[in-house]
Protein chains: 2
Amino acid sequence: MSNRQSFVEQPGAASSALAVRQACRSGSLAAHTSGLASAHVQGNLVILPKAYAADFLRFCQANPKPCPLLGVSGDPALPALGEDIDIRTDLPRYRVWRNGELVDEPTDVRALWGDDMVSFVIGCSFTFEHALMAEGIVLRHVEQGRNVAMYRTSVATTPAGAFHGPMVVSMRPLRAADAIRAVQITSRFPAVHGAPVHIGDPALIGIRSIADPDYGDAVEVMPDELPVFWACGVTPQAALAAARLPFAITHAPGSMLVTDLLHHRLAAF
Amino acid sequence: MSNRQSFVEQPGAASSALAVRQACRSGSLAAHTSGLASAHVQGNLVILPKAYAADFLRFCQANPKPCPLLGVSGDPALPALGEDIDIRTDLPRYRVWRNGELVDEPTDVRALWGDDMVSFVIGCSFTFEHALMAEGIVLRHVEQGRNVAMYRTSVATTPAGAFHGPMVVSMRPLRAADAIRAVQITSRFPAVHGAPVHIGDPALIGIRSIADPDYGDAVEVMPDELPVFWACGVTPQAALAAARLPFAITHAPGSMLVTDLLHHRLAAF
């Protein structure tokens, strides 16, 4: 008991979203946000100079399934997404990109911020996975403690300005009855990728080998299962890389913005 | 113009449901109801002596996907389903069963009616097919003017009294994106079989050959399509046959009760 004060408490599943953000801000949390403040929506982050922001906004709006926008702001605060957010400090770790190359992975980007910066927060699959698991659907990659398997497809996004590239999808193997249920459940969450974009034969969307994901970890698809594919938030990251902008900031993989929104707040019905 | 009065007008897609029923009652319509009064819900009919009605009701309630009840009545009228319905005369053609054998196919069953008869009207796939086509989904069997392909499965229904047997499913081949959309659309219609029960490998539900349906007509499944399976209203007919009741009346295949309900009236949301 007497020692308790001398430790910084690490946030956990039951923490408030604000506590997670404050742990990031104080520097006590620089790791993944997966599983933290687990009732709350997490978001991917893209920060761009204003000169590119309008095109990126158009890109997101033209490709809403892979790039569902939860919030856009020209200010470090994002009051619609959470109390006292400072987008420059409240993620565990960032990635800094110059001319399309990764140049740094800081835990704070205040020194890089300027009045011409625009932040985009994009929905992520954690929310719909939470909804699937709440309905009793077992997700193999979660069960096995792996990252979800992700693939570049032959489906092109609608380009906007410098932003272009393939749609990236995540894959979860499910038995048919669960796949049908998963369509129903994820259809309720258009703000976090919504319904699947493909079910079945991977070759039809240009995936050569299901055993060789382009991102994340491979998971097995059993003979009585269908691979079910959802549009993935890596799509805007791939489009950003393809655009080779002079300057951009993103979240580091797995180090997301934890918002105050409850998952069920995003349910469309 | 002067000749017009001398013809009995045949009902068509734009007819009212009441006009279709009156054409049945007058004897001027004894053929299929497919495509007639096309905005309106059609239903399968089962008429049983009261002694078996409670078990059949339990069977339907225990198996709501193949046996969605639109109405139950111990009276020839069914005011909840339409104006001035006389269930004994208002279908084009009936089938009369004794000890599980088909013994007659009359156009009127008034002579067989008694105070102990109970009518069951069960939802049919015409309504969800209407909704799918309204969303631009092409159904091959409709396009080719065939009956939908139906199969007995290895999935057992929950038995009740004498009623038991396999779930029968209908199959429509769809590309994955349309299959996903079809799950969304038909989920809105629980009163007419609702969402599919299976997608993909037919063997997983005990169907040996997709080219050899047990009822209806075979349709081809293209290499870029998935077979999508819905619970089918033939299931209660198969359970009725299995029960080998002393006496039962059903609609003749394709000769349904045309109700006053508009299709969209059955949408759950």
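Angles of 65 to 115 degrees between axes count as roughly perpendicular. That cut-off matters for the place where the two chains meet in this predicted model.

Start with the helix pair. Two packed helices are described by the angle between their axes and the distance between the axes. Here helix 5 of chain A packs on helix 5 of chain B, residues 176-187, at an angle of about 75°. Their axes lie 9 Å apart. The two helices are therefore roughly perpendicular to each other. Chain A brings A:Ile180, A:Val183, A:Gln184 and A:Ser187 to this contact. Chain B brings B:Ile180, B:Val183, B:Gln184 and B:Ser187. By class, the residues of this helix contact divide into 4 nonpolar, 4 polar and no charged.

Now widen the view to the chains. In total, 15 residues of chain A are in contact with 15 residues of chain B. On the chain A side, helix 5 (176-187) and strand 8 (198-199) each supply at least two residues. Helix 5 of chain A gives the most, with 6 residues. The side of chain A that touches chain B has 10 nonpolar, 4 polar and 1 charged residues.

Turn next to helix 1 of chain A, residues 17-26. Its buried residues are A:Ala17, A:Val20, A:Arg21, A:Ala23 and A:Cys24. Seen down the helix axis, these fall within an arc of 155°, so they line one face of the helix. What do the buried residues of helix 1 of chain A pack against? Their partners are strand 1 (40-49) and strand 11 (257-262) of chain A. After helix 1 of chain A comes A:Gly27, with a positive phi near 90°.

Key. Residues numbered from 1 in each chain as written. Chains lettered and ligands numbered in written order. Predicted model: local features only at pLDDT ≥ 70, side-chain atom pairs only at ≥ 80, totals over all residues. Contact = placed C-beta atoms within 7 Å. Helix = DSSP H or I, 4+ residues; strand = E, 2+ residues; numbered from the N terminus. Nonpolar A, V, L, I, M, F, W, Y, C, P; charged D, E, K, R; others polar. Axes fitted to C-alpha atoms, helices over the stretch in contact; angles between N-to-C directions. Parallel < 35°, antiparallel > 145°, perpendicular 65-115°, else oblique. Buried ≥ 20, exposed ≤ 12 C-beta atoms within 10 Å, placed from the backbone. Arc of directions from axis to C-beta.
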